[in-house]
Amino acid sequence: MTTATATEAANLRLGDIAPDFTADTTAGKLEFHKWLGDSWAVFFSHPKDFTPVCTTELGEAARRSADFKKRNVKVLALSVDSSESHNKWKGDIEETQKCAVDFPIVGDESKQVANLYGMIHPKALDSFTVRTVFIIDPNKKIRLTMTYPASTGRNFDEILRVIDALQLTDGYKVATPVNWKDGQDVIIPPAIQDPEELKKNYPKGFKTIKPYLRVTPQPNK
Ligand code: BEZ
């Protein structure tokens, strides 16, 4: 069951509602929006089970379980193999990567979900899913997408860093500069010029480097 057409999915953009679906997973039947509840989600696809790069990526996602939980993020993986195949492969991941895979993996042999999310890029990888990442917020909105080729493993430090930035900028009127990490100074949006508003929003003060480039300590630290 899906609630978006393939054409809509091909055009998924930041701010769109992540399409709902029901699918078989390693943890049984999953209704995506219901499963999300009030959490954020990292929904990521990998090309194929029993392959080396994917094994390290799923291992890393599992090892970072506490980091995701701390940020109220649920993890969901997908490839176009079956859930039975995923479950067999999980043993290898746990053995080689020394971790427990505690998140569901969607079995998508029909490619229904992969097509819904535009995870198949036929000119890059024939009929398999590429390495896409969707970060989805509790309102079910797509907040970030990344697409990597099969030969390049993803960086989970970056995925967690972006979640920190999204959660921070949702709560405060700030933006994050290049290579920002949690705890570092942040940027005041140029639109905020009113002295009273500046005083109220940035009680720790700020430094003006250029009229359009002002930095302030991270407000929630
Ligand atoms: C891998 O995960 O190692 C992989 C998967 C598909 C194509 C190439 C590499």
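These questions and answers look at the residues around the ligand and at one pair of strands. The model is predicted, with local features needing pLDDT of at least 70 and side-chain atom pairs pLDDT 80 or more, while totals for chains, interfaces and linings use all residues. Residues are numbered from 1 along each chain as its sequence is written, and side-chain values use heavy atoms, with hydrogens and water left out.

Q: What makes a residue count as near the ligand, and which residues are around the ligand?
A: A residue is near a molecule if one of its heavy atoms lies within 4 Å of it, and the residues around the ligand are Pro47, Thr51, Pro52, Val53, Cys54, Arg131 and Ala150.

Q: Why is the pair formed by threonine 51 and the ligand called a polar contact?
A: A polar contact is a pair of N or O atoms within 3.5 Å; a polar side-chain atom of threonine 51 lies 3.0 Å from an oxygen atom of the ligand, so the pair qualifies. A polar backbone atom of cysteine 54 is 2.8 Å from an oxygen atom of the ligand, and a polar side-chain atom of arginine 131 lies 3.0 Å from a ligand oxygen atom.

Q: How do you know that strand S9 and strand S10 pair?
A: Two strands pair if DSSP finds at least two bridges between them, and three bridges join S9 (residues 207–210) to S10 (residues 213–216), so these antiparallel strands pair. Strands here are DSSP runs of E, at least two residues, numbered from the N terminus. Lysine 207 stands opposite valine 215 in S10, and a hairpin joins S9 to S10 through two residues.

Key
A polar contact is a pair of N or O atoms within 3.5 Å; within protein, one must be able to donate a hydrogen and the other to accept it, and residues adjacent in sequence count only if both atoms are side-chain atoms. Helices (H or I, at least four residues) and strands (E, at least two) are DSSP runs, numbered from the N terminus.
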